[in-house]
Every structure is written in C-alpha cells, then in structure tokens.
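Hi everyone, thanks for making time this morning. I'd like to walk you through one protein, slowly enough that anyone new to structures can follow along. Have a look at the picture first, and then I'll start talking.

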Amino acid sequence: MRISEQIFPRMVGLIVTLSKEGKANVMTASFLMPVSFEPKYIAFSVSPKRYTFKNLKERKELTLNLLGKEMKEEAIICGTYSGRELDKFKKANLITEKSKLVSPPVIKCPISFECKIAEIKEYGDHFLIVGKVLKEWIREEKFTPLLHLNGSVFMEPIKLGNKV
Ligand SMILES: Cc1cc2nc3c(=O)[nH]c(=O)nc-3n(C[C@H](O)[C@H](O)[C@H](O)COP(=O)(O)O)c2cc1C
C-alpha cells in the first residue's frame, strides 16, 4: 500500500517556480503541510524527477497556491504534464498575478503564499522542501478545499463549519 493511501486526505497546492532563465512553471503537490505559526513556514515533498525540483534548487523560491474544490481539473493538468513539455499555465487557463517579494508569480485561488526556501533535504525517493512564508494573499478566507487521495483520485469535500 502506498503511503498516500494511508495518510489522507491531503490538501492540494500548486507550486510555482521560475527557471534560471526566468521561465515560470507550475506543479501540483499534495505531500504538503504547515510547519510553524509565527513566522509561518510550510513544507512539501517533491520528487527529483520533477522539472520543478530543478527550479527549486536553482532559485530557492516558490509560491504555494492552495486550491478549492472547483479547481480539480487544473490540479490534474498541472500534476500530469511536465513543464519541460508545455506551458501548463496556458493549458489549465490559470490566472497569475505578480508576486510582491519573490520572483515566481502567484495564481488566482483562495490562498497564496510567497516563500523563500529554508531547507532542501533528501528523504528516500523525495526531497523535503521547507519554505518561509514572506507574504500571504488571502482571496477567500472560507473555502472548501480540494482534497487528494492518490493518483487522480480525490475525496469528498469537507465543508467548513462541520466540526466534530
Ligand atoms: C493531485 C496530485 C498531487 C501531486 N502531488 C505531488 C507531490 O506532492 N510531490 C511530487 O513530487 N509530485 C506530485 N504530483 C506529481 C506532479 O505534480 C507531476 O509529476 C507533475 O507533472 C510535475 O511537473 P513538472 O515536471 O512540471 O515539475 C502530484 C500530482 C497530482 C495529480
């Protein structure tokens, strides 16, 4: 059994990076977690096979964009194709905005974080990336998150307010 079927559901984010030459790329990630309240830190893990990994190592900055349930198609597109092959921003019709403190743009979605990389460390077949949040964009405070199980299988949305 894969670990992704054992630890779930997980929120889904789009990680935006820039290449050395300044070309932006976007990748879906659900191996994702909060790390610290104040200052805010986030972490996710990325396979070294991803084009995104090269950009992360070269530029040490990223934006993390958290998706609502209505952005499932965008998550599948950005999690299926590689930025080596095509422009996923166009393919997924993503709307970007210029970041204030980092060079990769943010994506129009409920919440975006502009991050500087604090740590890149290898664990097994992935690398853990820890990012310090320099700026946050809150476009929707209350949103229904897109939740991932495995592959292209997602979970029933959890409605905010249904606390147990
Ligand atoms: C819902 C979903 C979640 C994913 N989560 C991750 C992840 O956390 N880490 C990772 O390395 N790849 C993850 N992937 C796979 C990458 O998004 C995928 O390989 C992508 O094509 C890499 O793009 P790039 O080569 O442009 O960086 C996920 C894919 C999907 C569909």
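Before anything else, one bit of vocabulary: Ala, Val, Leu, Ile, Met, Phe, Trp, Tyr, Cys and Pro count as nonpolar, Asp, Glu, Lys and Arg count as charged, and the others, Gly among them, count as polar. Please also keep in mind that this is a predicted model.

With that vocabulary, let's visit the ligand. The shell around the ligand divides into 10 nonpolar residues, 12 polar ones and 1 charged one. Which residues come nearest? Of the 23 residues around the ligand, those are Phe31, Thr52, Gly79, Ser82 and Gly83. Strand 3, residues 24–29, gives the largest share of this shell, with 4 residues. Strand 5 (41–46), helix 1 (51–59) and helix 2 (72–78) also supply at least two residues each.

Now let's step back to the whole protein. You can find 3 helices and 12 strands in it. Its C-alpha trace spans about 45 × 35 × 35 Å along the principal axes. For 164 residues, a compact globule would have a radius of gyration near 15 Å, and the protein has 15 Å, so the two agree. Among contacts between residues at least 6 apart in sequence, 63% join residues at least 24 apart.

What about the inside? Buried residues make up 32% of the 164 residues. In soluble globular proteins, nonpolar side chains tend to be buried together. Here the largest nonpolar core has 28 residues, and Leu14, Ile15, Val26, Leu64, Leu67 and Ile107 touch the most other members. Among the elements giving two or more residues to this core are strand 2 (13–18), strand 6 (61–66) and strand 9 (111–123). Strand 3, strand 5 and helix 2 are on that list too, and you'll remember those three from the ligand shell.

Let's zoom in on two residues. Leaving out residues up to four places away in sequence, isoleucine 15 touches Val26, Met27, Ala29, Phe44, Thr52, Leu62 and Leu64. The other one is valine 46, found in strand 5. Is valine 46 buried or exposed? It has 20 other C-beta atoms within 10 Å, and 20 or more is what we call buried, so valine 46 is buried. With the same sequence neighbours left out, valine 46 touches Ala29, Thr52, Phe53, Leu56, His126, Phe127 and Ile129. Take His126 from that list: valine 46 and histidine 126 are 80 residues apart in sequence, but 5.3 Å apart in space, C-alpha to C-alpha.

Last stop: a little sheet. Strands of a sheet pair through backbone hydrogen bonds, either parallel or antiparallel. This one is an open sheet of 3 strands in the order 1-11-12, with antiparallel pairing. Strand 1 and strand 12 stand at the edges with a single partner strand each, so one side of each has no neighbour in the sheet.

Strand 1 (residues 10–11) is joined to strand 11 (residues 147–150) by 2 bridges. Methionine 11 has leucine 147 as its bridge partner, while arginine 10 stands opposite histidine 148. On the other side, strand 11 pairs with strand 12 (residues 153–154) over 2 bridges, and there asparagine 150 is partnered with valine 153. The hairpin of strand 11 and strand 12 has 2 residues between the strands, and glycine 151 takes a positive phi near 55° there.

That's my tour. Thanks for listening!

Technical notes:
Residues are numbered from 1 along each chain as its sequence is written. This is a predicted model: local features need pLDDT of at least 70, side-chain atom pairs count only at pLDDT 80 or more; totals for chains, interfaces and linings use all residues. A residue is near a molecule or strand if its C-beta atom, placed from the backbone, lies within 6 Å of it. Two strands pair if DSSP finds at least two bridges between them. A residue is buried if 20 or more other C-beta atoms lie within 10 Å of its own, exposed if 12 or fewer, and partly exposed in between; C-beta atoms are placed from the backbone. Two residues are in contact if their C-beta atoms, placed from the backbone, lie within 7 Å. The radius of gyration is taken over C-alpha atoms; the globule rule is 2.2 Å times the number of residues to the power 0.38. A nonpolar core is a set of buried Ala, Val, Leu, Ile, Met, Phe, Trp, Tyr and Cys residues joined through C-beta atoms within 7 Å.
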